[in-house]
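Open the model in your viewer and keep the selection panel at hand. The stops below go from the whole chain to single residues.

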Amino acid sequence: MKVELKDLTVRELVDGYEDDSESEGGVRGYGGRLDIRPPFQREFIYKGKQREAVIKSILRGFPLNVMYWADRGNDKYEIIDGQQRTISIAQFVNSEFSVDGRYYHNLTLEEKEPVDNYKLMVYVCTGTHRDKLD
């Protein structure tokens, strides 16, 4: 299997974020090219303190754990590891929850900038289906 680091910001990750899981449309991001909840992923989503911790790490400039995506070809991807962090980030940027009483849409441009430009460590894996599951 081939593994390559992808240079990615929060702004790029949440571009086109859509959670249409209720009608089985799935959860997508990265301009519609990333399947955030592929069939093998569990549907657990971070709650309260866990998702706030993800955002506080970003706000403070602390590193998040590495995320892994599988390359589906044709510039399409699916998350292998990092689903909960990705959804937490997208939900915050979409102002679906607040951190310390502040929603993303209420942040100043100066406060949004470090969030939008926060660099994520994403490794893209290319290989067989079995390689990706391993």
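Start with the whole chain, coloured by secondary structure: from the N terminus the elements run β-α-β-β-β-α-β-β-α-α-β-α. That makes 5 helices and 7 strands, where helices (H or I, at least four residues) and strands (E, at least two) are DSSP runs numbered from the N terminus. The model is predicted, so local features need pLDDT of at least 70 and side-chain atom pairs count only at pLDDT 80 or more, while totals for chains, interfaces and linings use all residues. Residues are numbered from 1 along each chain as its sequence is written, and side-chain values use heavy atoms, with hydrogens and water left out.

**Whole-chain totals**

Switch to a surface view. The accessible surface of the chain is about 7700 Å², and carbon and sulfur atoms hold 46% of that surface. Accessible areas come from the Shrake-Rupley method with a 1.4 Å probe, and for residues only the protein chains shown count as cover. Of the 134 residues in the chain, 41% are buried; buried means under 20% relative accessible area, exposed over 50%, and partly exposed in between (1.4 Å probe, protein chains only). Among contacts with a separation of 6 or more, 64% join residues 24 or more positions apart, a contact being heavy atoms within 4.5 Å.

**Stop 1: the N terminus**

Select Met1, which lies in the segment before strand 1 (2-9). Met1 counts as exposed because its relative accessibility is 54%. Add Val3 and Tyr68 to the selection: with Met1 they form a nonpolar patch on the surface, together about 280 Å² of accessible area. Patches are made of residues with over 30% relative accessible area and no salt bridge; like charges are joined within 9 Å, and nonpolar side chains (Val, Leu, Ile, Met, Phe, Trp, Tyr) within 5 Å.

**Stop 2: helix 2 against helix 3**

Select residues 48-60 (helix 2) and 83-93 (helix 3). How do the two axes cross? They come within 9 Å and cross at roughly 75°. Axes are lines fitted to C-alpha atoms, for helices over the stretch in contact, and angles run from 0 to 180 degrees between N-to-C directions. The two helices are therefore roughly perpendicular to each other; angles of 65 to 115 degrees get that label, under 35 counts as roughly parallel, over 145 as roughly antiparallel, and the rest as oblique. Show side chains at the crossing: Arg51, Val54, Ile55 and Ile58 of helix 2 meet Arg85, Ser88, Ile89, Gln91 and Phe92 of helix 3.

Stay on Gln91, in helix 3. Gln91 is buried, because its relative accessible area is 11%. Leaving out residues up to four places away in sequence, Gln91 touches Tyr17, Arg51, Glu96 and Phe97. Draw a C-alpha to C-alpha distance from Gln91 to Glu18: 9.8 Å in space, with their positions 73 residues apart in sequence.

**Stop 3: salt bridges**

The whole structure has 10 salt bridges, each a side-chain nitrogen of Lys or Arg within 4 Å of a carboxyl oxygen of Asp or Glu. Select Arg11 and Asp116, whose closest N and O atoms are 3.6 Å apart. This pair links distant parts of the chain, Arg11 in helix 1 (residues 10-14) and Asp116 in helix 4 (residues 109-116), 105 residues apart. Arg11 is partly exposed at 43% relative accessible area, whereas Asp116 is buried at 13%.

Next, select Glu111 and Arg102, with 2.8 Å between the closest N and O atoms of their salt bridge. Glu111 is partly exposed at 30% relative accessibility, and Arg102 is partly exposed at 32%.

Then select Arg28, Asp35, Arg72 and Glu78, which are linked in a network of salt bridges. Within it, Arg28 and Asp35 have their closest N and O atoms 3.9 Å apart. Arg28 is partly exposed at 29% relative accessible area; Asp35 is buried at 7% relative accessibility.

**Stop 4: backbone angles**

Most residues other than glycine have a negative phi. Which value does Tyr30 have for phi? Tyr30 has a positive phi of about 55°. Tyr30 sits in the loop between strand 3 (26-29) and strand 4 (34-35) and is buried, with a relative accessible area of 10%.

Finish at Ser95, in the loop between helix 3 and helix 4. The phi of Ser95 is also positive, near 60°. Ser95 counts as buried because its relative accessibility is 17%.
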